[in-house]
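Q: I have a protein and DNA model open and would like to learn how to read its contacts. Could we go through them together?

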Number of protein chains: 2
Amino acid sequence: MINNYELYKVFYWAAKTGSLTQAAKALYLTQPSVSHAIKQLEESFGITLFYRNSKGVELTQEGAILYSYIEQSQILISMAEEKMAALKNLDSGELRIGGSDSLFKHYLLPYLEDFHQKHRGIKLHLSHGTTPEVITFLKEGRIDLGVVRMPIVDSQLEVKQSFQLQDCFVAGAGYAELKDMVLSMDMLLQYPIILFSRNSRARMTITEIFQSYGHTIKPEIEVGSVDLLIEFARRGLGISYVTREFVSKELEEGSLFEIQLDVPLPPSHVGIMTMRNMPLSGAARSFMDRVR
Amino acid sequence: MINNYELYKVFYWAAKTGSLTQAAKALYLTQPSVSHAIKQLEESFGITLFYRNSKGVELTQEGAILYSYIEQSQILISMAEEKMAALKNLDSGELRIGGSDSLFKHYLLPYLEDFHQKHRGIKLHLSHGTTPEVITFLKEGRIDLGVVRMPIVDSQLEVKQSFQLQDCFVAGAGYAELKDMVLSMDMLLQYPIILFSRNSRARMTITEIFQSYGHTIKPEIEVGSVDLLIEFARRGLGISYVTREFVSKELEEGSLFEIQLDVPLPPSHVGIMTMRNMPLSGAARSFMDRVR
DNA sequence: AGGAGCTATAGACCACATCTATGATCAATA
DNA sequence: TATTGATCATAGATGTGGTCTATAGCTCCT
């Protein structure tokens, strides 16, 4: 019918202000343009929409009916534009992140707090899972970005290297005799080892490292969370393999100390994954910039 | 923000069909035009609205939010256009007519029935009142047209002359002796006269006519409706001054007969009034054409 | 009578919406 | 693995129509 919705905007303002001149001002147009626009509408409907008089214009019966629809329509568009501006400003929206519990707690938490503080209107959705689960979330579009340990090899994903983490062996007061020693792998394996039970990247990595030196690392205890890994070590149940950055508090206060090995343990990196060639939401982009 | 609402129409179809190509077909555009339109929206919002892939496009989170508003907006516009088409076709709308009871009943009724039959969707509003009341209704915009006796002199009104009516004196069986006589005014005034009580144009006219011949007509009985005027005459209570066309049934069946006077009574006309220089609704225009 | 509003009309102009043609990418074929 | 047939993106040309200026016509108010 009408192939130029701009005409409705003009109609809306003309009806709202009761004046073509006022409508023109509101729309940054000239009065003849508005007059012409209204005429086009009237001609294509075959219906007179306004009574014209020397004080301005007034809706006819039929014009009033049209207005009742168009008004709602225009209000929705205004709301849409406001919403888009809010999304752009990060005053609104949502940010969905996937990752492991420990990374959320020990690494992402300050960024999340900071981001939430800056952008109160943005809802945070955190999904925790193992690395493969997080990748699935990402591919299913259930999260905007995933935070996991590198390396990730998946052509569909784009991974940005972020923080460097250093895994290490730590023990508590019960093993104080090891504090100033430099241990070999052989020696270390004499002690009870506590490892993370789930198929985590850290677990796979340490197993491979020991294997490359001809050793097999077999844990005495397997636990299901990083917190337990720390707690068990503190209580002297064995030597835990943890990420140094996650136990910085305990190392400082002395409730744990790091075991020095005679071979280097390679550092690992935290990567932030996104879908390759998929546009990021404003919130996700902003968050990534912040974490870097 | 967006200064071309056409873009929203394009966005709506692109989102709805999930394909720029399909949207282009729906809008009778080419695919590059649609692509360009979406890009404009995205650039002016600074927000990516669609994921593009080889099967088509898919809304992003933010695009989906925009769509929730725009969809409603577009639906309202479609409804508006349908409504306008219905008003134009006279499948919908309303027709508000003002007039006197007697004109509605004895004169307009068949037209109203016919119009209602043809245009079932149009609501009829009938307001009855005296001629000055009807004029007021018209000026207040409460009716679309008024049907009253001519002449009307009012520069704001446009009056189209319609049917001609002839007022006359009628009597019932009780005055059978007058049936084949031609009476003078003097003679007529010997009999009890029944006139309409309200300040109707007919009452004023007949008073003036008698005055112009040097007589004064004073009713024995005054009644408040044309129906009573007829009924009182039938029952022999006197001679009623009525519009001939309103008693055609009684004249035919013989329950009333017309008194012949030796002076002519001037005919009167029914006029259809509208506001001068005010556009008429489609329904009103159509009705007027029908009545002519 | 004059002025200050308002809307309507006429005619000119140039931005921009749309087009055609082509490229790039992907997926499902042969 | 090459091919075909989809998709969307890009570039450049084109001409329509939205917008402008200027002016007229009208009504109301001083």
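A: Gladly, and keep in mind that this is a predicted model. Start with one contact: a polar side-chain atom of Gln31(A) lies 3.0 Å from a base nitrogen of DNA strand C.

Q: Which part of DNA strand C do the contacts of Ser54(A) and Ser54(B) reach?

A: Here the partner is a sugar or linking oxygen. A polar backbone atom of Ser54(A) is 3.2 Å from such an oxygen of DNA strand C, while for Ser54(B) an N or O atom of the side chain is 3.5 Å from one. Over the strand, 74% of the atoms within 4 Å of the protein belong to sugar or phosphate, the rest to bases.

Q: Which elements give two or more residues to the surface near DNA strand C?

A: From chain A these are α2 (20-27), α3 (31-45) and β2 (56-59), joined by α3 (31-45) of chain B. In total 21 residues surround the strand, with Leu20(A), Thr21(A), Ser35(A), Lys39(A) and Arg52(A) the closest. By class, that surface has 12 polar, 6 nonpolar and 3 charged residues.

Q: Now the protein interface: how much area is buried between chain A and chain B?

A: About 4,000 Å², with 66% of that area from carbon and sulfur atoms. On the chain A side, Tyr5(A), Tyr69(A) and Met84(A) lose the most area, together 19% of what that side buries.

Q: How many salt bridges and polar contacts cross this interface?

A: The rule finds 0 salt bridges between chain A and chain B, but 13 residue pairs are in polar contact. Of the elements of chain A, α4(A) gives the most to the side touching chain B, with 18 residues.

Note on methods:
Residues numbered from 1 in each chain as written. Chains lettered and ligands numbered in written order. Predicted model: local features only at pLDDT ≥ 70, side-chain atom pairs only at ≥ 80, totals over all residues. Heavy atoms only, no water. Buried area = accessible area lost by both parts, 1.4 Å probe. Salt bridge = Lys/Arg side-chain N within 4 Å of Asp/Glu carboxyl O. Polar contact = N/O pair within 3.5 Å; in protein donor to acceptor, adjacent residues only side chain to side chain. Helix = DSSP H or I, 4+ residues; strand = E, 2+ residues; numbered from the N terminus. Near = heavy atom within 4 Å. Nonpolar A, V, L, I, M, F, W, Y, C, P; charged D, E, K, R; others polar.
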